[in-house]
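Reader: I would like to learn how to read a ligand site and the empty spaces in a protein model. Please take me through one case.

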Amino acid sequence: MPHSTIDWPELEKAARQAAAHAYVPYSRFAVGAALLTADGRLFTGCNVENASYGLTNCAERTAVYSARAQANMQEVVAVCVYTPTPTPTPPCGACRQVPNEFGPTMQVKLICDGTQTVDTTLDQLLPGAFGPKNLS
Ligand code: THU
């Protein structure tokens with residue numbers, strides 16, 4: 001889906017709101033993600049930390065898993081990720097690989113508490129990705 005046909009203000013608002021549900025007693029770094037499916041639905045996620053630190057789930061992956069579990073999501077066309085930082089924050093590796101499964105060319109917008117944003121695509125963030133095509 002072209003960048004211009006996506007309702008970015010709606011996704012941005014949803015990503016910021018999603019961060020309010022983050023469970024972040026260890027990092028105090030509340031992240032929110034909002035994704036848009038190919039059939040026009042919006043789903044959100046936040047990071048959920050764990051006392052066993054490595055089991056933490058990031059906001060982007062929560063959004064993907066939630067959309068699939070709640071609504072059988074098939075394809076993601078866009079994601080907006082909010083971090084509580086002065087400048088936009090790049091998603092971690094796992095949060096590039098997991099969304100890749102459902103939208104290898106999805107649009108990605110990174111937003112923060114400052115005015116700067118980053119507009120990119122998942123294939124730019126994860127070139128040469130391993131995905132479903134490698135198993136067929
Ligand atoms: N985090 C995310 O939610 N998404 C990312 O892409 C990077 C990191 C979370 C994980 C952890 O709860 C906190 O940010 C600090 O790493």
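Author: What follows covers the ligand, then the pocket, then the cavities. This is a predicted model, in which local features need pLDDT of at least 70 and side-chain atom pairs count only at pLDDT 80 or more, while totals for chains, interfaces and linings use all residues. Residues are numbered from 1 along each chain as its sequence is written, and side-chain values use heavy atoms, with hydrogens and water left out.

Reader: Which residues surround the ligand?

Author: A residue is near a molecule if one of its heavy atoms lies within 4 Å of it. Here the ligand has around it Ser27, Phe29, Val31, Asn47, Glu49, Thr56, Cys58, Ala59, Glu60, Pro91 and Cys92. For classes, Ala, Val, Leu, Ile, Met, Phe, Trp, Tyr, Cys and Pro count as nonpolar, Asp, Glu, Lys and Arg as charged, and the others, Gly among them, as polar. The shell then splits into six nonpolar, three polar and two charged residues.

Reader: Where does the ligand make polar contacts?

Author: A polar contact is a pair of N or O atoms within 3.5 Å. An oxygen atom of the ligand lies 2.9 Å from a side-chain N or O atom of asparagine 47. For glutamate 60, a ligand oxygen is 2.8 Å from an N or O atom in the side chain. At alanine 59 the partner is a polar backbone atom, 3.0 Å from an oxygen atom of the ligand. Taken alone, the ligand exposes 370 Å², and the protein buries 77% of that; such areas come from the Shrake-Rupley method with a 1.4 Å probe.

Reader: What is the space taken by the ligand?

Author: On a 1 Å grid over the protein atoms alone, a cavity is a set of points where a 1.4 Å probe fits but cannot get out, and a pocket is an open set with protein on both sides within 12 Å along at least five of seven lines; lining residues have an atom within 4 Å of a point. A molecule sits in one if more than half of its atoms lie within 2 Å of its grid points. The ligand takes the space of the largest pocket, which holds about 180 Å³. Of its 16 lining residues, Phe29, Val31, Asn47, Cys58 and Glu60 are the closest to the centre.

Reader: How many cavities of 30 Å³ or more are there?

Author: A volume is the space filled by probe spheres set on the points, which are joined across faces, edges and corners. The count is two. The largest cavity has about 50 Å³, and its lining includes Glu60, Pro91 and Leu122. The second largest has about 40 Å³, with Leu35, Glu60 and Val64 among its lining residues.

How values were computed:
A polar contact is a pair of N or O atoms within 3.5 Å; within protein, one must be able to donate a hydrogen and the other to accept it, and residues adjacent in sequence count only if both atoms are side-chain atoms.
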